[in-house]
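Okay, thanks for coming, everyone. Let me put the sequence and the model up on the screen, and then we'll walk through it together.

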Protein chains: 2
Amino acid sequence: MQTTPATLEDSHPADICSARPPRHPRPDGQDRYTISEVVACTGLTAHTLRWYERIGLMPHVDRSHTGQRRYTNRDLDWLDLVTKLRLTGMPVADMVRYAELVREGAGTYRERQELLEQTRRDVLGRIAELRETLAVLDRKIDFYATEGNTR
Amino acid sequence: MQTTPATLEDSHPADICSARPPRHPRPDGQDRYTISEVVACTGLTAHTLRWYERIGLMPHVDRSHTGQRRYTNRDLDWLDLVTKLRLTGMPVADMVRYAELVREGAGTYRERQELLEQTRRDVLGRIAELRETLAVLDRKIDFYATEGNTR
DNA sequence: GGCTTGCTTGGAGTGCACTCGAAGGTCATA
DNA sequence: TATGACCTTCGAGTGCACTCCAAGCAAGCC
């Protein structure tokens, strides 16, 4: 697929197996973001970020010497995935399950694949539903545009 | 647009302005469904149907001489629309607003049109998001399929 | 030292969309 | 006429995904 070695997949729970255009605010090596920086670049709230960690949806985030969270680029990528999955309507519990599988290492590849394939089917179904709804909306909008202008 | 006269649009709050393939269980005239019949053909629960009425999301449903609900084909069409709008993620409060506009009559055509156009934009955005997510899922699934098989 | 800003924790609270329960009335069939 | 399924109302309860709060620690600055 690409150059990312499989070991990288398991070296840290963040599960970066396919590179996006890596628009990280800082290059790897200088990536120690405070929670408010992560808030600024993800749009999530600090409350939500801490809550994600509490429920096991985030791999354990690194801390500063005073105990404050320091997020990495990898954490940002993970949050990006979580955000996308959330948009599909995937329940948080299922995402936690996926996070657990990632933590368990390479032995769970098959199960992860199945989970994502199920999600993929859900997304396709959802898109189909939305298309149908769009058709209804278009008919109604057309009606209002036509009838609304003739009276 | 089609043969449905504009007056029909306002004759009853159900707002049937664009005909779907009218797959109604019974022809107009014999359309007096009990709540459990509506449950069977919409997939909504009786609780939800009563609740929709309580919060003003349903036009007032006809009653039998003993006070039991009797739904019409028009009510079924309205529920179909509501179900579709719900799938778009539209908040119930917004749907109630739309229902109010329908109840107010033809004078609200423009506002209804704007509301639906906004919804339309939301749906398009949602589809775009889902497509992006789909791309990420495909890349990840591909990774698991490839890496998973070589180990 | 005092002030402000930003962070920590655990637990409690919120808003949405249902979902259920209790108490009782109605209706078709045996 | 009696049984049981089905209906009514209103109010309370549930589950999810946050969202907020209080109390307290730490760092930077005047």
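Let's start with helix 3 of chain B, which gives four residues to the surface near DNA strand C, the most of any contributor. "Near" here means that a residue has a heavy atom within 4 Å of the strand. Helices are DSSP runs of H or I with at least four residues, strands are runs of E with at least two, and both are numbered from the N terminus.

Quick housekeeping. This is a predicted model, so local features need pLDDT of at least 70 and side-chain atom pairs count only at pLDDT 80 or more, while totals for chains, interfaces and linings use all residues. Residues are numbered from 1 along each chain as its sequence is written, chains are lettered from A and ligands numbered from 1 in the order in which they are written, and side-chain values use heavy atoms, with hydrogens and water left out.

Back to DNA strand C. There are 18 residues around DNA strand C, and the nearest are Ser36(A), Arg50(A), Arg69(A), His47(B) and Thr66(B). What part of the DNA do they meet? Of the strand C atoms within 4 Å of the protein, 71% are sugar or phosphate, and the rest belong to bases.

Now some polar contacts, meaning pairs of N or O atoms within 3.5 Å; within protein, one has to be able to donate a hydrogen and the other to accept it, and residues adjacent in sequence count only if both atoms are side-chain atoms. Thr66(B) has a polar side-chain atom 2.9 Å from a phosphate oxygen of DNA strand C. Arg86(B) also uses a polar side-chain atom, at 3.1 Å from a phosphate oxygen of that strand. With Val92(B), a backbone N or O atom lies 3.3 Å from a phosphate oxygen of strand C. The elements giving two or more residues to this surface are helix 2 (35-42) and helix 3 of chain A, plus helix 3 of chain B.

Over to DNA strand D. Here 18 residues surround the strand, with His47(A), Arg86(A), Ser36(B), Arg50(B) and Arg69(B) the closest. Sugar and phosphate make up 71% of the strand D atoms that come within 4 Å of the protein. Helix 3 of chain A brings the largest share of this surface, four residues.

Which part of DNA strand D does the side chain of Arg54(B) approach? One of its N or O atoms is 3.2 Å from a base oxygen. The side chain of Arg69(B), on the other hand, has an N or O atom 2.7 Å from a phosphate oxygen of strand D, and Arg63(B) places a polar side-chain atom 3.2 Å from a phosphate oxygen there.

Let's zoom out to chain A. Chain A has six helices and two strands, running α-α-α-β-β-α-α-α along the sequence. Of its 151 residues, 44% are buried, where buried means under 20% relative accessible area, exposed means over 50%, and partly exposed is in between, using a 1.4 Å probe and the protein chains only.

So, helix 3 of chain A. Its buried residues are Ala46(A), Leu49(A), Tyr52(A) and Glu53(A). They cover an arc of only 125° around the axis, which puts them on the same side of the helix; that arc is taken from the directions from the helix axis to the C-beta atoms. In general, an α-helix has 3.6 residues a turn, so residues three or four places apart point the same way. On the face turned away from the buried side, you'll find the exposed residues His47(A) and Arg54(A).

Last stop: Thr88(A), in the loop between helix 4 (73-87) and helix 5 (92-104) of chain A. Is Thr88(A) buried or exposed? Buried, at a relative accessible area of 7%. Its side chain reaches the backbone oxygen of Leu85(A) at 2.5 Å and the backbone nitrogen of Met90(A) at 3.2 Å. Leaving out residues up to four places away in sequence, Thr88(A) touches Thr119(A), Val123(A), Arg126(A), Leu130(B) and Thr133(B), where a contact means heavy atoms within 4.5 Å.

And in chain B, Arg126(B) sits in helix 6 (residues 109-149). Arg126(B) is partly exposed, at 29% relative accessibility. Beyond its neighbours within four places in sequence, Arg126(B) contacts Leu130(A) and Thr88(B).
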